[in-house]
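Please look through the sequence and the model below before reading on. The report then takes up a few parts of the chain in turn.

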Amino acid sequence: MAFFHTRKAFALLFVFSIIAGFIAPTFLHPQQTALAAPPISAPKAPPNPPVYPSNCGGIFANVYNVGTGQPYASIGAVPFSSLPPSSIVRIHYRATPYYEKVFVNTIATANQPVCIVGVPGPNGELPIIDGQNATTSANMETHYDGSQQRGLFTIIGADDGLLPAYIYVEGLHFRNAYQDYTFTAKNGTVRNYTTNAAAVYVQRGEHIRITGCIISGSGNGLFAATDDDGNITRDLTLEYSYVYGNGVVGRDREHNTYTESIGMVYQYNYFSALRPGSMGANIKDRSSGTIVRYNWVDGGAIVVDLVESEYGHPVLSQQPNYHTAWVYGNVLINRPTSSANGRSTVHFGGDNGGDTPIPGTQPCGWDTGQDPTDCYRKGPLYFFNNTVILHVSSGHKTLLRLQTDEQYATAYNNIVHVVGTGYNISYMSYRGQLNLGLNIVNRNSSPLTDFHLNQPGPASTVVGHTNVTVFTNPAQTGFVNANAENFYLLPTSPAINNGTPILSPALPVTNEYHATLGARVRNNDGALDMGAFEYTPSLAMDTLAVFNPNTEAASLINTLQDSPPPSANLNFSPTPPAAVVNGQWVMGDWDGNGQKSPGVHAPNGVFYFTNVVGSTTSWNGIWFGLFNKPAVVGRFNAGINRDCFGVVDNANFPPYGMAFALYFTCDNAGGNPPKTFQWLSVLLPDNQGFSGAFQFTAGDFDGNGVDSIAVRRGPFIAWTNVPPTTVESAFSYAQYIGTPSSVDYGVVLGGDWDGNGLDSFGLFYQDGAFYRRNDLEWNTGRYLLQRVGVPIGTPTNAVNWRGHTGGTGGSSGSEAGSDSPSTQTPLGLVGHIEAESPDVTKQGSWTIQSAPTASGGHYVFSSDLSGALTLQFEGTSVEIAYLEGPAFGTFTVLIDDVGVRTVIATNATAGHASTVVNYLTDEVHTLQIVPIDGTIAVDTFNISTP
């Protein structure tokens with residue numbers, strides 16, 4: 001069974017163990033994150049990796065739990081030097097990083113792998129393994145002394161040629177294997193890391209998966225080696241991970257990743273800026289058969305650098321796909337550079353022998369009489385369905401650099417979009433053979449040439465110009481918002497349905513990068529779009545259905561607009577065939593037509609349902625029993641294209657508490673169909689401090705198209721992503737939904753309130769107030785409020801509803817706690833607004849600080865990661881003035897619920913700074929400043945109008 005981990009959500013809240021056949025959970029309570037400040041910050045990446053499928057969900061013969069209160073207090077206490085196959089080392093999060101070096105050398109198998117996995121903290125924080133002042137346990141087998149200064153987490157083999165194998169590493173943050181830092185070696189000596197030290201060093205190994213990790217602040221982030229003396233790395237994958245802040249100041253030989261492997265796959269990763277002052281590449285690879293797909297790669301002296309194998313050339317060059325590489329489905333951002341000569345987005349071929357082959361038939365090699373360029377990867381490079389952003393304000397930019405005339409590439413279905421003005425763009429730098437298929441190039445005002453500075457090699461060519469659509473207006477690309485780096489397609493984009501079909505030996509485009517999910521299945525509407533993202537029409541949103549169980553009255557509300565007009569309510573009496581007073585009303589898509597209609601679990605044990613929205617006598621009945629138990633509805637079986645009906649049963653299991661099980665059926669033919677069972681276990685028990693009535697709902701919380709169960713008790717919600725067709729659930733996620741209203745206990749319901757394909761939660765109260773969230777994060781504290789009133793009187797129950805086309809967004813609801821009247825559009829502020837002003841709503845803990853250099857003599861600061869500043873303004877531009885310095889962290893700027901910018905206020909020099917968002921429409925906007933990491937300080941806001 002594969003576990004799924006959430007970004008900014010609780011993961012592994014419940015740790016299950018079999019006790020006399022009973023699964024007993026242990027709940028980990030939230031606590032404030034207390035991370036030591038790393039020297040490098042990720043400018044855009046969320047604090048934790050996205051949802052990912054685990055390779056470590058099976059049963060292991062050997063289990064080692066590491067951390068505070070665990071059997072092993074330190075990583076070094078685990079017997080890594082003799083770690084057998086079928087072992088899992090679970091490293092539990094703690095506020096203090098693990099300052100320990102790790103060496104793994106087990107020769108495991110596909111059926112009995114070795115897993116080293118992180119157990120996240122209460123806010124989804126990854127356990128940190130920090131190289132600064134790290135120690136090396138006697139339980140680590142280093143094999144040879146010099147390996148110790150090369151890496152922090154090292155997969156290493158002996159000199160007998162036997163390779164560590166089937167090593168899976170998940171959910172850990174590796175940082176600070178850097179030349180300026182020291183560690184204690186196995187023999188007790190204190191040493192510095194080498195210049196090329198790596199956070200994750202694969203000295204040799206095969207079938208290695210690094211999944212859902214953060215890799216930062218080191219010389220090389222990931223380094224993988226291969227040579228011709230038995231040190232072979234084979235089948236290496238980096239996926240669902242965040243890599244940033246690596247490299248060495250003033251050097252171009254260290255990179256975010258640097259790999260040489262037989263078979264190298266980079267997929268679903270977020271690569272961001274290297275260490276400031278570093279001149280390395282973002283991805284550098286010397287492998288055979290390299291695949292770079294579905295990544296977001298931002299910055300680097302070269303964004304993707306694919307060159308010849310080096311130490312492993314005698315082995316790798318004999319592989320059948322040595323000369324071939326695939327780069328597809330990525331977002332590649334070529335940032336401004338200090339060099340007017342510019343830089344290439346993708347470099348392919350080689351870098352150890354210049355760009356001119358030696359005449360004659362000299363063999364590959366680096367010695368006298370040999371030709372280094374003959375060792376290069378010749379191609380083809382398949383470059384397709386990428387979205388490439390070229391920033392030209394400071395230097396020329398090139399799409400591809402093919403090292404000599406002998407390299408060959410084919411490029412099609414790409415979108416190349418120029419940002420800024422000032423310098424030229426070109427297809428290639430000097431050399432190579434490029435075949436252009438259908439592509440879009442929006443050059444803005446930049447001249448477009450075949451070769452950089454029009455200096456091609458003597459036998460270099462670019463063909464297929466007529467296949468390229470060239471625009472000169474940035475709006476013509478059809479991105480949703482290029483300024484905010486939202487590169488999804490508008491329905492008017494010329495990229496839609498104009499892609500070339502993908503034919504072998506190119507690899508099929510099946511997925512696309514997604515910040516929250518890591519990857520998601522690319523929409524397949526029969527015609528491929530160009531670029532990294534397939535246009536997907538806005539998904540239908542759920543709205544509310546409210547029922548009065550005493551009067552059998554229903555009201556379906558077709559909007560999420562705050563205080564909807566009477567015309568938005570469809571009020572009716574469902575009129576089922578039997579008395580259902582005090583029955584439990586639900587809504588479901590019972591016939592697979594996309595529209596939900598009423599159902600009710602009546603007190604007589606029968607579940608009645610209809611496919612009609614409105615009063616009707618057309619009802620069907622299914623015997624269910626389980627009287628007066630909570631009813632839930634969802635698409636519980638991936639193979640059935642309609643909703644299923646279920647009931648949650650419960651019983652007391654001393655001493656553990658109240659345990660629950662789900663019984664459901666997807667057979668709605670009538671009678672008494674067989675029921676399927678899922679064991680939910682003990683949930684939010686009394687003995688762990690939880691109280692209040694249990695409430696159940698269902699939803700698709702991971703975007704896989706199958707609904708699963710969630711439970712609310714008091715201010716807490718826990719849920720599982722294990723489908724009900726699996727007997728044993730795993731309630732691995734939770735949210736502090738809080739108590740946004742004190743009117744009553746409220747009713748929990750799940751639904752997709754923003755059309756993003758993921759369900760989230762809301763609470764409905766008897767006064768008709770519906771507080772909802774569009775996220776699954778632990779405690780953002782951000783509610784949207786819809787006041788629907790009491791159109792059918794009280795008492796009222798609420799569930800989600802979706803018509804044939806779904807609900808309409810209307811306005812997205814007012815922010816909870818707003819004093820603005822719901823019947824009119826509030827006027828936004830303009831001009832200069834101090835952050836300490838009462839016009840700026842402060843959520844969480846904020847302190848007003850006097851400062852002579854601040855605007856108005858004051859600024860506000862906060863370290864409360866659940867807090868926010870909110871300002872409603874009217875205009876096309878807003879400047880946010882803030883403080884930066886060594887003591888400050890990171891915050892996100894949201895406008896109208898869209899994250900438009902992440903600001904890093906960490907700086908070696910203290911001072912004032914500002915950031916401007918200047919592409920807004922001239923209307924009322926809602927601005928939010930949300931702390932992400934550390935302390936943030938905001939001074940003032942300057943609003944401009946046309």
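The sections below cover confidence, nonpolar cores, two groups of strands and one loop residue.

## Confidence in the model

This is a predicted model, and the mean pLDDT of the chain is 85, with 90% of its residues reaching 70 or more. Over residues 1-44, however, the pLDDT is below 50, although this stretch has 153 contacts in the model beyond near neighbours in sequence. The pLDDT is also below 50 over residues 805-828, a stretch with 52 contacts beyond near neighbours in sequence. Where pLDDT is low, the predicted coordinates should not be read in detail.

## Nonpolar cores

In soluble globular proteins, nonpolar side chains tend to be buried together. In this model the largest nonpolar core has 81 residues, and those with the most contacts inside it are Phe 80, Ile 116, Phe 174, Leu 381 and Phe 383. If neighbours within four places in sequence are left aside, Phe 174 is in contact with residues including Ile 129, Leu 152, Phe 153, Val 169 and Ala 199. A second, separate core has 33 residues, among them Trp 846, Ala 854, Ala 905 and Leu 920.

## A covered strand and its partners

Strand β17, made of residues 220-224, is mostly covered, and five of its five residues are buried. It is joined by four bridges to strand β14 (residues 198-202), and these two strands run parallel. Strand β17 is also joined to β20 (residues 257-259), here by three bridges and again in parallel.

Phe 223 of β17 can be followed into both partner strands: Tyr 201 stands opposite Phe 223, while in β20 the bridge partner of Phe 223 is Tyr 258.

## An open sheet of four strands

Further along the chain, the strands of an open sheet are arranged in the order β52-β53-β54-β55, with antiparallel pairing. Because β52 (631-634) and β55 (676-682) stand at the edges and each has a single partner strand, one side of each is left without a neighbour in the sheet. Neighbouring strands of this sheet are turned by 30° against each other on average, if direction is ignored.

The edge strand β52 is joined by four bridges to β53 (residues 644-653), and the two run antiparallel. Within this pairing, Gly 634 has Cys 644 in β53 as its bridge partner.

## A serine in a loop

Ser 137 lies in the loop between β8 (134-135) and β9 (151-155). Its side chain reaches the backbone nitrogen of Asn 139 at 2.9 Å. Leaving aside neighbours within four places in sequence, Ser 137 is in contact with Gly 76 and Lys 186.

How values were computed:
Residues numbered from 1 in each chain as written. Predicted model: local features only at pLDDT ≥ 70, side-chain atom pairs only at ≥ 80, totals over all residues. Heavy atoms only, no water. Pairing = 2+ DSSP bridges. Axes fitted to C-alpha atoms, helices over the stretch in contact; angles between N-to-C directions. Polar contact = N/O pair within 3.5 Å; in protein donor to acceptor, adjacent residues only side chain to side chain. Contact = heavy atoms within 4.5 Å. Core = buried A, V, L, I, M, F, W, Y, C linked by side-chain atoms within 4.5 Å. Buried < 20%, exposed > 50% of the residue type's maximum accessible area, 1.4 Å probe, protein only. pLDDT = per-residue confidence, 0-100.
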